[in-house]
Amino acid sequence: MNLRAFSTGAIGTGQGREQYRRLVRRRQVILAGLTVALLACLCLDLAAGPAGYPLDQVVRALIAPDAVPQQVRVVLWELRMPVALMAVVVGAALSVAGAQMQTVLSNPLASPFTLGISAAASFGAALALAFGITLIPAATEYIVPINAFVMAMLAALLIHMLSARRGITVETIVLLGIALVFTFNALLALVQFLASTEALSAVVFWTMGSLTKATWSKLAATTLVLAAVLPIFARRSWALTALRLGEDRAASFGVKVARLRLETLLLVSLLAAIPVAFVGTIGFIGLVGPHIARMVIGEDQRFFLPASALCGALILSASSVVSKALIPGTIFPIGIVTSLVGIPFFFSLILSSARRA
């Protein structure tokens, strides 16, 4: 059952209704399978590290913390749990942001980085790391994430203002985002050129993306944003699904396309800016997570939205495990690992999909 069949009323017959119920059950099974895989990967992430723990001990520590030694309990709950959960939440946030960008821009290559949000955040963080410049004078404790967030939202506001002008098309919005990417990358290169050797190392490491500095407070802020944005997208699932049929068809269904696109882009900017502000630049997730979800579950936003969140969370959680396993005792920057792990997997999915077609 596809969107065309849905739009032409093919589910109105008894056979169509039964076919639709089977499709819904299949999608529910897929979502359940993704959830189980994510929970398993989370346990692996908690078990992996310089001091490895058996999976059964990790499970006991999660179910009954008092049943394990205090040292194990402290390592798992205080040190590894915020990092492992941050991988899940950040992966879900970036993937949902990419999914909705691809939906409203009708561009399979759209991601949170297409609008220059990541590049802007990197430039803001570099100003703090290299020169100690704070964009909000009162913010000294969290100067790097706040700078990154402010610059990311300024880029989103600029895109919003330009997009609101008469005659702006989807292609123009994408081109504006690409222009911002090149602009902020050039500014970032200038900061790196002027920075000291020590500051340069810090800037380069931040732009690679890292989960190692995750804390409960950063996790709470990221989770709060994701929990606030997801219900909004869920309430607009019908309009967003209709938009995949084309702007004209969606407008004939009563969808206010221009308003929906602008509001979605603003929410996507918020959803992408907060994770980038805390963990640095992590590419690939917002691009590939939605594609994998679309391959296995289709375009219906009622299922595509949670599937995108689960796929993004699963990819980043698995990348966190791999980052600890490549060289024992060394944790690779997560941004590097997402590309090393995800791109071959993505290619295999594309090729297998082409063979099935």
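Start with the charges: select the 26 positive and 13 negative ones of the chain in this predicted model. Their mean positions, one for each sign, lie 9 Å apart.

Next, switch to a surface view. The accessible surface of the chain comes to about 16700 Å², and carbon and sulfur atoms hold 68% of that area. If you colour by burial instead, 49% of the 357 residues count as buried.

Now go to the cartoon. You will find 15 helices and 0 strands along the chain. The radius of gyration is 21 Å, close to the 21 Å that the globule rule gives for 357 residues, so the chain is as compact as a globular protein of that length. Turn the C-alpha trace along its principal axes and you can follow spans of about 65 × 55 × 40 Å.

Contacts are a good thing to display next. Taking those with a separation of 6 or more, 73% are between residues 24 or more positions apart.

For a close-up, select helix α14, residues 301-325, and zoom in on S323 within it. Is S323 buried or exposed? S323 has a relative accessible area of 2%, under the 20% cut-off, so it counts as buried.

Show the side chain of S323 as sticks, together with the backbone of S320. A polar atom of that side chain sits 2.6 Å from the backbone oxygen of S320.

Last stop: which residues does S323 touch, leaving aside those up to four places away in sequence? Select T330, I331, F332, I334 and V337 to see these neighbours around S323.

Note on methods. Residues numbered from 1 in each chain as written. Predicted model: local features only at pLDDT ≥ 70, side-chain atom pairs only at ≥ 80, totals over all residues. Heavy atoms only, no water. Helix = DSSP H or I, 4+ residues; strand = E, 2+ residues; numbered from the N terminus. Rg over C-alpha atoms; globule rule 2.2 N^0.38 Å. Buried < 20%, exposed > 50% of the residue type's maximum accessible area, 1.4 Å probe, protein only. Contact = heavy atoms within 4.5 Å. Areas by Shrake-Rupley, 256 points an atom, 1.4 Å probe, with all protein chains shown as cover. Lys, Arg positive; Asp, Glu negative; His and termini not counted. Charge placed at Lys NZ, Arg CZ, Asp CG, Glu CD. Polar contact = N/O pair within 3.5 Å; in protein donor to acceptor, adjacent residues only side chain to side chain.
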